[in-house]
Amino acid sequence: MKYEIKNAPFTVMTLHLEQGETVKCQSGAMAWKTPGITMQTKTGGIGGMFKKAIVGESLALNEYTAEQAGELTLAKKGPGDIMAFNVSESPIIAQKTSFLASTAGVEMSVYLQKKLSTGFFGGEGFLMQKYEGAGYVWLEIYGAVQERTLEAGEKLVVSSGYVAAMDASCTMDIESVKGFANVVLGGEGLFLTTVTGPGRVWLQTMPITALAMNLYEYMPHPSSN
């Protein structure tokens with residue numbers, strides 16, 4: 001299966017499917033396709049629906065199968081990029097709601113960090129998604145992306161929401177922001193995320209939550225009575 005990613009920051013991905021090939025996509029991701037590619041919606045049963053619900057994904061996935069060779073183009077929900085990961089080489093941990101599509105042999109599971117506080121306060125980490133198996137997964141990244149490689153024990157402190165994905169060999173924890181003025185006026189909240197190597201980490205420059213808050217300031221609000 002060949003693919004093309006283009007038109008950033010309003011990114012689309014075109015998959016070139018040979019006859020018999022199947023791709024799994026997030027519900028609503030299809031932008032256009034050629035005839036001969038059929039769709040079937042699957043929920044994965046009650047267990048699969050529950051797993052998707054707790055990580056914020058849509059409850060159903062669409063499977064597109066090429067009855068004859070053709071193209072399927074997918075579009076992401078906001079400005080940014082689409083990244084391809086070959087999980088046959090290394091499992092990937094990614095932020096929830098980032099899934100766009102995958103080949104049939106990729107398995108998604110809920111990834112739980114060991115420390116509950118990481119998820120409740122760190123902005124990401126407690127509920128993430130793990131992708132493994134055979135083939136490719138394509139993830140939605142908001143803004144631009146920077147890749148960092150961390151040596152064993154090397155740490156990177158990141159503002160919440162900026163970690164898009166990391167190798168499964170990395171770990172994630174939180175640390176408190178020190179100082180009352182830093183917490184109240186610094187704009188970083190109460191906690192920062194710490195990623196520890198070894199492994200690669202992919203950072204996004206415009207988390208969807210930050211974009212939403214910036215746009216919210218310019219939206220009209222109903223006057224209070």
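The following is an exchange between a colleague and a modeller about a predicted model of one protein chain.

Colleague: How many helices and strands does the secondary structure of the protein chain come to?

Modeller: The model is a predicted one, and of the 225 residues of its chain 40% count as buried. The secondary structure comes to four helices and 19 strands.

Colleague: What share of the contacts with a separation of 6 or more comes from residues 24 or more positions apart?

Modeller: One pair that is distant in sequence is Thr 65 and Lys 24, which are 41 residues apart along the chain and 9.0 Å apart in space, C-alpha to C-alpha. For the chain as a whole, among contacts with a separation of 6 or more, the share from residues 24 or more positions apart is 78%.

Colleague: How much of the area that the protein chain exposes is supplied by carbon and sulfur atoms?

Modeller: A nonpolar patch on the surface is formed by Tyr 3, Ile 5 and Tyr 136, which together have about 230 Å² of accessible area. The chain exposes about 11,900 Å², and the part supplied by carbon and sulfur atoms is 58%.

Colleague: Is Ile 5 buried or partly exposed?

Modeller: Ile 5 belongs to strand 1, which covers residues 2-6, and it contributes to the nonpolar patch with Tyr 3 and Tyr 136. Its relative accessible area is 30%, and because buried means under 20% and exposed over 50%, Ile 5 is classed as partly exposed.

Colleague: Why is strand 2 described as largely enclosed by the rest of the structure?

Modeller: Strand 2 pairs with strand 1 in the antiparallel sense over five bridges, and six bridges join strand 2 to strand 7 (residues 70-75), again running antiparallel. The description itself rests on burial: strand 2 spans residues 12-17, and it is largely enclosed because the number of its six residues that are buried is five.

Colleague: Which residue in strand 7 stands opposite Thr 14?

Modeller: Thr 14, in strand 2, stands opposite Glu 4, within the antiparallel pairing of strand 1 and strand 2. Strand 2 is also joined to strand 7 by six bridges, and there the residue opposite Thr 14 is Thr 73.

Colleague: What distance is given for the polar contact between the side chains of Thr 73 and Thr 14?

Modeller: Thr 73 is found in strand 7 and has a relative accessible area of 1%, so it counts as buried. Not counting residues up to four places away in sequence, Thr 73 touches Val 12, Met 13, Thr 14, Ala 29, Met 30, Ala 31 and Trp 32. With Thr 14 there is also a polar contact that joins the two side chains, at a distance of 2.9 Å.

Colleague: Which residue in the turn of the hairpin formed by strand 1 and strand 2 has a positive phi?

Modeller: Strand 1 and strand 2 form a hairpin with five residues between them, and the loop between these strands also holds Pro 9, whose peptide bond with Ala 8 is cis, with omega of about 10 degrees. The residue in the turn with a positive phi, about 70 degrees, is Asn 7.

Colleague: Where is the peptide bond that is cis with omega near 20 degrees?

Modeller: The loop concerned lies between strand 18 (191-196) and strand 19 (199-204), and it contains Pro 198. The cis bond with omega near 20 degrees runs from Gly 197 to Pro 198.

Colleague: What is the relative accessible area of Thr 97?

Modeller: Thr 97 sits in the loop between strand 9 (92-94) and strand 10 (99-103), and its phi is near 70 degrees, a positive value in a residue other than glycine. Thr 97 is partly exposed, with a relative accessible area of 29%.

Colleague: Which residue in strand 12 is the bridge partner of Ile 92?

Modeller: Strand 12 (residues 128-133) pairs with strand 9 in the antiparallel sense over three bridges, while its antiparallel pairing with strand 11 (residues 106-111) extends over six bridges. In the pairing with strand 11, Ser 109 stands opposite Lys 130. For Ile 92, the bridge partner in strand 12 is Tyr 131.

How values were computed. Residues are numbered from 1 along each chain as its sequence is written. This is a predicted model: local features need pLDDT of at least 70, side-chain atom pairs count only at pLDDT 80 or more; totals for chains, interfaces and linings use all residues. Side-chain values use heavy atoms; hydrogens and water are left out. Patches are made of residues with over 30% relative accessible area and no salt bridge: like charges are joined within 9 Å, nonpolar side chains (Val, Leu, Ile, Met, Phe, Trp, Tyr) within 5 Å. Accessible areas come from the Shrake-Rupley method with a 1.4 Å probe; for residues, only the protein chains shown count as cover. A salt bridge is a side-chain nitrogen of Lys or Arg within 4 Å of a carboxyl oxygen of Asp or Glu. Helices (H or I, at least four residues) and strands (E, at least two) are DSSP runs, numbered from the N terminus. Buried means under 20% relative accessible area, exposed over 50%, partly exposed in between (1.4 Å probe, protein chains only). Contact means heavy atoms within 4.5 Å. Two strands pair if DSSP finds at least two bridges between them. A polar contact is a pair of N or O atoms within 3.5 Å; within protein, one must be able to donate a hydrogen and the other to accept it, and residues adjacent in sequence count only if both atoms are side-chain atoms.
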